[in-house]
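Morning, everyone. I have a few minutes on one model, so let's get it on the screen.

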Amino acid sequence: MDTSDQWIRERTGIRERRYVKPGEGTSELGAEASRRALEAAKLGPEDIDHIILATLSPDFTFPGSAVIVQDMLGARNVGALDVRNQCSGFLYGLGIADAFIRTGQYRHILLVGAEVHSTGLDLTTRGRDVAVLFGDGAGAVVLGPAEDGRGIRSVHTHSQGKYVKKLWLEAPSSRCHPRITEEMIREGRHLAEMEGRAVFKHAVVRFPQVIREALTANEVDLDDVDLLILHQANLRIVEAVASSLGVPLERFFNNIERVGNTTAASIPIALDEAVREDRVRAGDRLVMAAFGSGFTWASALVEW
Ligand SMILES: CC(C)(COP(=O)(O)OP(=O)(O)OC[C@H]1O[C@@H](n2cnc3c(N)ncnc32)[C@H](O)[C@@H]1OP(=O)(O)O)[C@@H](O)C(=O)NCCC(=O)NCCS
């Protein structure tokens with residue numbers, strides 16, 4: 001493809017991204033992240049009462065990838081739900097898990113964000129605006145009831161479906177019979193299509209809005225937030241959000257430089273790294289936020 005490291009770094013902050021090995025799918029990455037999350041939580045697969053997996057790149061059109069992860073982990077035959085909300089998928093999943101745990105329906109929920117983008121990228125000049133952004137990856141958390149008043153304070157989710165075509169993958173489509181044709185492939189309709197500037201423009205408005213929504217709902221001042229983890233779409237977006245909120249960039253955790261945009265996996269990967277690097281400590285107040293295809297956007301405020 002006709003591009004340069006400099007072009008990509010200046011516009012996105014991305015230097016590296018990870019791709020799966022041939023034959024590896026979203027569920028393999030999700031299962032591996034889940035094993036590490038279970039280990040960190042000192043729990044086994046038998047302790048999991050429900051599985052939620054967020055992805056826009058399931059192994060198959062159906063069934064979803066959560067059931068495959070259930071099998072790979074050797075978990076009990078518990079419910080396994082796929083969430084289809086792209087970059088906001090992990091936070092949408094967090095909202096569902098939080099509600100389930102609050103009602104007492106489930107005690108331990110495994111929440112996974114996993115993506116394989118590499119097999120769907122056009123690595124020629126035609127696809128360069130999209131291809132340079134995305135990488136493969138997975139992250140996972142195990143959620144359970146908090147006994148000391150800490151935990152998830154609130155989750156906020158939004159959508160605006162009129163912008164479906166600003167960032168989408170059209171085919172295969174249940175509107176077409178057959179769902180994909182050679183002509184559609186020739187036209188590149190099986191590849192993600194993005195109006196980068198429109199996405200950027202909306203993202204830098206929605207991120208601050210939804211972050212403020214979480215703060216207002218919890219009567220928390222931005223100064224009292226220890227760390228912000230934004231979906232890693234583009235470092236320039238994070239910088240714009242930081243400046244719009246008036247928060248120094250150092251209070252945001254960023255790893256896009258090494259992993260690129262991993263969609264639903266982006267927040268849990270960043271969260272895992274932040275915890276392992278001691279950037280999140282017991283008692284810290286954490287805000288997470290996402291924006292992406294749909295459009296969808298979301299935030300969560302957590303007392304760690
Ligand atoms: C994709 C993005 C980096 C493009 O940056 P931009 O400054 O808007 O660039 P444009 O799309 O206007 O393209 C400018 C030029 O660079 C070219 N270009 C696009 N991708 C390129 C690449 N990888 N390498 C080199 N040139 C590229 C374009 O073809 C265009 O050329 P032209 O002026 O000759 O037509 C930017 O729009 C963006 O980050 N948007 C948000 C995307 C995002 O976060 N998506 C995921 C949301 S979850």
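Start with Arg189. Its relative accessibility is 26%, so Arg189 counts as partly exposed. Bear in mind that this is a predicted model. Arg189 has a salt bridge to Glu170, 3.1 Å from N to O. What does that pair connect? Glu170 lies in the loop between β6 (167-168) and α6 (182-186), and Arg189 lies in the loop between α6 and β7 (193-194), so the bridge ties together parts 19 residues apart in sequence. Glu170 is also partly exposed, at 23% relative accessible area.

Arg189 has another partner. Glu187 forms a salt bridge with Arg189, and the closest N and O atoms are 3.0 Å apart. Glu187 has a relative accessible area of 44%, which makes Glu187 partly exposed.

How many salt bridges are there by this rule? The count comes to 20.

Next, look at helix α10, residues 266-276. Arg276 and Asp272 sit four residues apart there, so about one helical turn separates them. They form a salt bridge, with the closest N and O atoms 2.7 Å apart. Is Arg276 buried or exposed? Arg276 is exposed, with a relative accessible area of 54%. Asp272 is partly exposed, at 33% relative accessibility.

There is also a network. Salt bridges link Glu32, Arg35 and Arg36.

Now the disulfides. How many does the rule give? Zero. Two cysteines to point at while we are here. Cys87 has a relative accessible area of 6%, so Cys87 is buried. Cys176 comes out at 22% relative accessibility, and counts as partly exposed. The cut-off matters for that call: buried means under 20%.

On to the surface patches. Which residues make up the negative one? Asp221, Asp223, Asp224 and Asp226 gather there, as a patch of negative charge on the surface. Take Asp221 from that group. Asp221 is in the loop between α7 (196-218) and β8 (227-230). At 42% relative accessibility, Asp221 counts as partly exposed.

Stay in that loop for a moment. Glu219 is also placed between α7 and β8. Glu219 has a phi near 50°, a positive value in a residue other than glycine. Glu219 counts as exposed, with 78% relative accessibility.

Lys42 makes a similar entry on my list. Lys42 is not a glycine, yet its phi is positive, about 55°. Where is Lys42? In the loop between α2 and β1. Its relative accessibility is 73%, so Lys42 counts as exposed.

Why flag those backbone angles? Because most residues other than glycine have a negative phi, and most peptide bonds are trans.

That brings me to the cis bonds. One runs from Phe62 to Pro63, with omega near -5°. Pro63 is in the loop between β1 (50-54) and α3 (65-73). Another cis peptide bond runs from His177 to Pro178, with omega near 0°. Pro178 is found in the loop between β6 and α6. We met that loop earlier, with Glu170.

Last item: a nonpolar patch on the surface. Met1, Tyr19 and Leu123 form it, and together they have about 280 Å² of accessible area. Tyr19 is found in the loop between α1 (5-12) and α2 (26-41). Is Tyr19 fully in the open? Its relative accessibility is 39%, so Tyr19 counts as partly exposed.

To recap the places to look. Arg189 bridges to Glu170 and to Glu187. The loop between α7 and β8 holds Asp221 and Glu219. The cis bonds lead into Pro63 and Pro178. Over to you for questions.

Definitions and conventions: Residues are numbered from 1 along each chain as its sequence is written. This is a predicted model: local features need pLDDT of at least 70, side-chain atom pairs count only at pLDDT 80 or more; totals for chains, interfaces and linings use all residues. Side-chain values use heavy atoms; hydrogens and water are left out. Patches are made of residues with over 30% relative accessible area and no salt bridge: like charges are joined within 9 Å, nonpolar side chains (Val, Leu, Ile, Met, Phe, Trp, Tyr) within 5 Å. Accessible areas come from the Shrake-Rupley method with a 1.4 Å probe; for residues, only the protein chains shown count as cover. A salt bridge is a side-chain nitrogen of Lys or Arg within 4 Å of a carboxyl oxygen of Asp or Glu. Lys and Arg count as positive and Asp and Glu as negative; His and the chain ends are not counted. The place of a charge is taken as NZ of Lys, CZ of Arg, CG of Asp or CD of Glu. Helices (H or I, at least four residues) and strands (E, at least two) are DSSP runs, numbered from the N terminus. Buried means under 20% relative accessible area, exposed over 50%, partly exposed in between (1.4 Å probe, protein chains only). A disulfide is a pair of cysteine sulfur atoms within 2.5 Å.
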